[in-house]
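The following exercises concern the interior and the charged pairs of a protein model. Please attempt each task before reading its solution.

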Amino acid sequence: MVVIVPPIAATVALAGTLLFNSLMATPMTTTATTTTTTATTTTTTNYEFANGSVEIDNPMEFRGMTFVQPKFLGSGGGGSVWNMKATKTANRKSKDDGSTNNDIIVKISWGRSADSVRNECDVLSVMERQRVTGVERCLGSIEYKYDPRRVVIAMEPFVEDTNKDIGTGIDIDNDGGDITSSLGDLSPEIARRSAIQLSKTMAQMLAANVVTTDIQPLISKSTGEVLLIDMTEATVLKPDRIITEIDKVLINAFCTEIIGLIPDFLLDEVSESFMKELHRIEMETHVQLDAVVKEVLKDLPLTGIEKIL
């Protein structure tokens, strides 16, 4: 179950957030201290959760970037999640018009979840290098300054539901908001766009040797744009290793989850899009999917999948 506090102001309609598999919770108590130096004033706020405490700085220094105005989004088994504004934006990509969205997702792990949160950042970095679309981008990880056993990662983009009132979370149009996790909430044409994007992301992730479970999509009702979030369970299958029976199960489960998001009336078109994307990647990279992976794909409910075998 997921509990998210009311949405936070953002400069764009589609920009990412994180969902957790375990119970989300709001902080039980908070305290704040302020430290002033000759250069800056830093406010450190302590939040107490069922899973542990979190101390977060405002501003926060992160690998050459400066984040301010922490806003709590949720907490769960992986850690606590915050929306912050980037005021110093080294190592960040610009949009086509040269601008950058300054909303950042910051995730602070618990001690026991540090490895999975660090893995999430590592997997996202692999997918960025392989130009996988429709997923978050990790800006890096650092040691949590208040507990070296824990880790902090920063990601973008941040997705906000702009059809809900900033600050209150009230649905302005009483239509469930602009963000959904189901293609069934979309018009047929918008659903088609989302389904095609999902098919391409699935092909790109397989080509990058990445699979995951418990797929968490954020889908814009107005544009159909899809963002897959929460990659704590993602795995990179090393291209030089033998594909095991467990790997086959993971591959099948990943693809089955993606396909399960797509309405039946779009499966034929999605099948064609998926195979075209695989072909495009193979032509551009001169690297083909492992033969064992292709055998796994044969069992999927995709039309014409035998053509890639």
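**Exercise 1: Classifying charged residues**

Glu128 has a relative accessible area of 26%, which makes this residue partly exposed. The model is a predicted one.

Task. Determine which side chain meets that of Arg137 in a salt bridge, and state whether Arg137 is buried or exposed.

Solution.
1. The side chain of Arg137 meets that of Glu128, with a distance of 2.7 Å, N to O.
2. The limit for a buried residue is under 20% relative accessible area.
3. Arg137 has 14% relative accessibility and therefore counts as buried.

**Exercise 2: A pair with contrasting accessibility**

Task. For the salt bridge of Arg149 and Asp147, state the distance, and decide whether Asp147 is buried or exposed.

Solution.
1. The distance from N to O in the pair Arg149 and Asp147 is 2.9 Å.
2. A residue is called exposed when its relative accessible area is over 50%.
3. Arg149, at 61%, therefore counts as exposed.
4. Asp147, at 13%, counts as buried.

**Exercise 3: A pair within one helix**

Task. Explain how Arg280 and Glu284 are placed in helix H4, and describe the accessibility of each.

Solution.
1. A salt bridge links the side chains of Arg280 and Glu284 at 2.8 Å, N to O.
2. The two residues lie four residues apart in helix H4, so about one helical turn separates Arg280 from Glu284.
3. Arg280 has a relative accessible area of 34% and is partly exposed.
4. Glu284 reaches 55% and is exposed.
5. Elsewhere, Glu128, Arg137 and Glu156 are joined into one network by salt bridges that share partners.
6. The search of the whole structure finds 15 salt bridges.

**Exercise 4: The nonpolar interior**

Task. Identify which residues have the most contacts inside the largest nonpolar core, and which element gives the largest share of this core.

Solution.
1. The largest nonpolar core comprises 57 residues, and Leu206 and Phe274 have the most contacts inside it.
2. Among the elements that give two or more residues to this core are helix H1 (114-129), strand S9 (151-156), helix H2 (188-207) and helix H4 (267-285).
3. The largest share, eight residues, comes from H2.
4. Leaving aside residues up to four places away in sequence, Phe274 touches Ser199, Met202, Ala203, Leu206, Leu297, Leu302 and Ile305.
5. A second, separate core has 20 residues, including Tyr47, Met60, Ile104 and Ile108.

How values were computed
Residues are numbered from 1 along each chain as its sequence is written. This is a predicted model: local features need pLDDT of at least 70, side-chain atom pairs count only at pLDDT 80 or more; totals for chains, interfaces and linings use all residues. Side-chain values use heavy atoms; hydrogens and water are left out. A nonpolar core is a set of buried Ala, Val, Leu, Ile, Met, Phe, Trp, Tyr and Cys residues joined through side-chain atoms within 4.5 Å. Buried means under 20% relative accessible area, exposed over 50%, partly exposed in between (1.4 Å probe, protein chains only). Contact means heavy atoms within 4.5 Å. A salt bridge is a side-chain nitrogen of Lys or Arg within 4 Å of a carboxyl oxygen of Asp or Glu.
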